[in-house]
Amino acid sequence: ENMYVLNSDTIWYVDPESSSGGVFRTNNGGTNWIHQLSLGTYNPAHIYMYNQRIGFIDAGSLRKTTDGGTTWTPIIGAGNFLDMFFIDSLKGWKCNLDMKKTTDGGLNWVSQVVPSGGNILGQGVTGFMNKDNDTIWALGETIIIGGTPPTRGILFRTTNSGFNWLFQLPDTAIHINRYPFGKFINNRIGWAYGYLSGIHTTTGGETIWYTDVKQVHVSVPNNNILHQNYPNPFNPKTIIIYELKSMTNVQLKIFDINGKQVSALVDCEQPAGIYKSEFLANSLASGIYFYTLFINNNIKITKKMILVK
């Protein structure tokens, strides 16, 4: 069951129950309800309305209305959704464990690459929050970090409409396993919740953001090793591989030629193994940069790389 409240009078309600469910609408705050659609076993579980006329349901596959729910037209191949948001009548996003974007009113959807694989468990994105044309927060995923407890919830964020996504690992004493619920009122102030407790930020969350970090080999190396990035020179993406001989606290940080930190790719406890981290430098200028592997907060190895745009 799902509901969309457009204003104090106009509300849509969907019920997936096959015999009595479907799409319902009220124009008087719930005093009377009109049964707009019934599809039996394909009755929808989610609804999103952009305005009085335009909206979507997940009835077997995506369906769109342009007349307030009187008719619903299937969009073949678009897939279902758990959450959806449009910033205008053409441009919007939806999630169904993955993230997809449309620029033609939902007729075609393009997948967006959200960090996944490796230590990320793969439950996927179950909800998201748009705060403007560019900034989106996404929820629902878990990462394995070792220690006690061995898993932690993570938050995804993009600041360029989903072209690039990073994630943060909220450092809280309660170590919430997953954040399926959340709300941001602007780009800095927001809440994210597990099923029993939650977190709150007034500064946009943690200052450290990660790209995708994958464990590529579980064998135990003889030493802690930081490999040369590849490709090098690069533009704008490069891969950094490092090896750990034992369970340890790991940090992998990027610095400019003046010694200023510009990114932190890894900051967590990891077991022995070989790891691969992806560094995206879309917002950085061409030049020489350094990446440093820290083991238990001690500098271990630093290497140089060159960004050429």
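Trp-137 is buried, and Phe-184 is buried as well. These two residues are a convenient place to enter this structure, which is a predicted model. The centres of their rings lie 4.1 Å apart and the ring planes meet at 15°; rings count as stacked when their planes are under 30 degrees apart, so Trp-137 and Phe-184 form a stacked pair. Trp-137 belongs to strand β14, which covers residues 136-144, while Phe-184 belongs to strand β17, residues 181-184. Because the partners sit in these two strands, the pair ties together parts of the chain that are 47 residues apart in sequence.

From this pair one can step back to the chain as a whole. The protein chain contains 27 strands and zero helices. Its C-alpha atoms fill a box of roughly 70 × 45 × 35 Å along the principal axes. Of the 309 residues in the chain, 47% are buried. Among contacts with a separation of 6 or more, 48% are made by residues 24 or more positions apart.

The outside of the chain can be described in a similar way. The protein chain exposes about 14600 Å², and carbon and sulfur atoms supply 52% of that area. There are 24 positive and 21 negative side chains, and the centres of the two sets lie 8 Å apart.

Aromatic rings offer another route through the model. The count of aromatic pairs comes to twelve. One aromatic cluster is formed by Tyr-4, Tyr-48, Phe-56, Phe-85, Phe-86 and Trp-109. Trp-109 also has a charged partner: the charged end of Lys-94 sits over its ring, 5.3 Å from the ring centre. Another lysine, Lys-253, lies over the face of Phe-294, at 5.3 Å from the centre of that ring.

A further aromatic residue, Tyr-275, lies in strand β25, which runs over residues 273-280. Is Tyr-275 buried or exposed? Its relative accessibility is 0%, and buried means under 20%, so Tyr-275 counts as buried. Tyr-275 and Trp-72 are 203 residues apart along the chain, and their C-alpha atoms are separated by 48 Å.

The loops hold several backbone details. The loop between β21 (225-226) and β22 (237-244) contains Pro-231, and Pro-236 is placed in the loop between β21 and β22 too. The peptide bond from Tyr-230 to Pro-231 is cis, with omega near -10°. The peptide bond from Asn-235 to Pro-236 is also cis, again with omega near -10°.

Two other loops contain residues with a positive phi that are not glycine. What is the phi of Leu-97? The value is near 80°. Leu-97 is found in the loop between β10 (92-95) and β11 (99-102). The relative accessibility of Leu-97 is 46%, which lies between the limits of 20% and 50%, so this residue counts as partly exposed.

The second of these residues is Asn-296, whose phi is about 50° although it is not a glycine. Asn-296 lies in the loop between β26 (287-295) and β27 (298-307). At 42% relative accessibility, Asn-296 counts as partly exposed.

Conventions. Residues numbered from 1 in each chain as written. Heavy atoms only, no water. Helix = DSSP H or I, 4+ residues; strand = E, 2+ residues; numbered from the N terminus. Buried < 20%, exposed > 50% of the residue type's maximum accessible area, 1.4 Å probe, protein only. Contact = heavy atoms within 4.5 Å. Areas by Shrake-Rupley, 256 points an atom, 1.4 Å probe, with all protein chains shown as cover. Lys, Arg positive; Asp, Glu negative; His and termini not counted. Charge placed at Lys NZ, Arg CZ, Asp CG, Glu CD. Phe/Tyr/Trp six-rings, centres within 6.5 Å; stacked < 30°, edge-to-face > 60°. Lys NZ or Arg CZ within 6 Å of the ring centre and 35° of its normal.
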